[in-house]
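Student: Could you walk me through this fold, one question at a time?

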Amino acid sequence: MKKKIFIGVIIVLVVFTSIFVIFTLGKKDGKTIIPVSSSSTSSTSIETSEVITETTPPATEEVSTALTTKTLETTKKTTTKKQTTTLDYKIVKEIKTVEYTKYGTVIKENYEVSYKVYNDGRKEEKSKKKKSTNIDSTNYKATTDDLKEEALTVRSSNRSAYNEMLSYVNKYRSEVNVSLLSMDDDLNLAATIRAIEMAYSKKFSHFRPDGNMCYSVIGDLDISARSLGENVAYGQKTAAAVSEVWKNSTSGHYENMVNAMFTRVGFGKFTLNGKTYWVQMFAG
């Protein structure tokens with residue numbers, strides 16, 4: 001009996017000693033091991049303990065930092081502002097004179113010129129307006145040949161006016177039952193030369209600037225005629241106006257227009273310095 005009790009005590013001591021050793025070893029490894037009845041449960045308990053003990057900072061922190069840095073870099077922009085410079089200017093008016101000589105006549109044209117003068121020194125023409133023209137015909141000297149080239153150009157540009165003048169002359173002739181006139185281009189040239197020379201010489205007369213009679217231009221151009229007549233006028237603006245003046249004249253102008261001896265007619269028109277000279281040259 002005593003022997004059985006002794007054996008039992010020894011067994012109990014062995015068991016408690018084993019438990020104490022196991023508990024002590026577990027503490028030395030830094031882990032708490034709880035004896036369980038199932039190995040799978042024990043294994044799970046140990047793995048869970050290890051995961052908790054060896055936890056590291058989440059990797060998402062680094063990703064977040066990287067994204068933040070990238071965003072900051074993207075939002076860096078360089079803005080270049082376009083700068084414009086406005087130049088101030090003032091308006092300055094000047095009188096400018098253009099002088100030239102033609103057929104010995106000195107012509108001075110005076111213009112009022114407006115400029116934009118900028119603060120950087122530049123000067124830009126804004127407008128130009130003719131104010132006056134001064135004509136000095138003291139030294140006028142031109143022959144029929146001198147005037148012919150310009151007269152050919154003027155004659156061509158005056159076709160409409162010459163046709164209108166012809167219609168008025170023939171209207172007056174038809175009113176008194178006189179045969180109508182035909183327009184002669186050589187006579188147009190002669191009459192145009194006469195208009196030009198009166199304008200440049202400022203000599204309004206049936207005598208030419210060289211002192212010869214008006215009909216000398218007919219001989220200069222080799223125009224044949226048995227009878228001649230000339231009407232002159234200046235200042236009228238239109239063919240209708242000058243025709244009316246001649247019709248109402250008491251100085252022989254109307255008589256020339258309705259003279260039955262004449263069969264042909266030529267016309268001249270020329271404007272200089274705003275003044276228009278008109279000529280009718282009749283031939284029969």
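What follows is a short run of questions and answers on the sheet, the rings and the core.

Tutor: Before we start, this is a predicted model, where local features need pLDDT of at least 70, side-chain atom pairs count only at pLDDT 80 or more, and totals for chains, interfaces and linings use all residues. Residues are numbered from 1 along each chain as its sequence is written, and side-chain values use heavy atoms, with hydrogens and water left out.

Student: Which strands are the edge strands of the open four-stranded sheet?

Tutor: Helices (H or I, at least four residues) and strands (E, at least two) are DSSP runs numbered from the N terminus, and two strands pair if DSSP finds at least two bridges between them. The sheet has mixed pairing and the order 4-6-7-5. Pairing on one side only marks the edges: strand 4 (182–183) and strand 5 (228–234).

Student: What stands opposite Asn231?

Tutor: Strand 5 runs antiparallel to strand 7 (residues 275–283), and seven bridges join them. Across in strand 7, the residue facing Asn231 is Gln280.

Student: At about what angle does helix 5 run to strand 6?

Tutor: Axes are lines fitted to C-alpha atoms, for helices over the stretch in contact (heavy atoms within 4.5 Å). Angles run from 0 to 180 degrees between N-to-C directions. Helix 5 (residues 159–175) lies across strand 4, strand 6 (264–272) and strand 7, and its angle to strand 6 is about 130°.

Student: And which strands does helix 8 lie across?

Tutor: Helix 8 covers residues 239–247 and runs at about 60° to strand 7. The strands it lies across are strand 5 and strand 7.

Student: Is Tyr200 buried or exposed?

Tutor: Buried means under 20% relative accessible area, exposed over 50%, and partly exposed in between (1.4 Å probe, protein chains only). Tyr200 has a relative accessible area of 4%, so the label is buried.

Student: How does the pair of Tyr200 and Phe270 classify, and what is the angle between the planes?

Tutor: Rings of Phe, Tyr and Trp (its six-membered ring) pair if their centres lie within 6.5 Å; planes under 30 degrees apart count as stacked, over 60 as edge-to-face and the rest as tilted. Tyr200 sits in helix 6 (residues 185–201) and Phe270 in strand 6, 70 residues apart. Their centres are 5.7 Å apart, and the pair is tilted, at 35°.

Student: Why is the pair of Phe204 and Tyr234 edge-to-face?

Tutor: Phe204 lies in the loop between helix 6 and helix 7 (216–220) and Tyr234 in strand 5, so the pair ties together parts 30 residues apart in sequence. Phe204 is partly exposed at 36%, and Tyr234 is partly exposed at 38%. The ring centres are 4.7 Å apart, and the pair counts as edge-to-face because the planes stand at 75°.

Student: Which element gives the largest share of the largest nonpolar core?

Tutor: A nonpolar core is a set of buried Ala, Val, Leu, Ile, Met, Phe, Trp, Tyr and Cys residues joined through side-chain atoms within 4.5 Å. This one has 29 residues, with Ile196, Tyr200 and Phe270 touching the most other members. Ten residues come from one element, helix 6.

Student: Last one: how far is the C-alpha atom of Thr138 from that of Thr105?

Tutor: Thr138 is in the loop between strand 3 (123–136) and helix 4, and is exposed at 67%. Although 33 residues separate Thr138 and Thr105 along the chain, their C-alpha atoms are separated by 6.8 Å.
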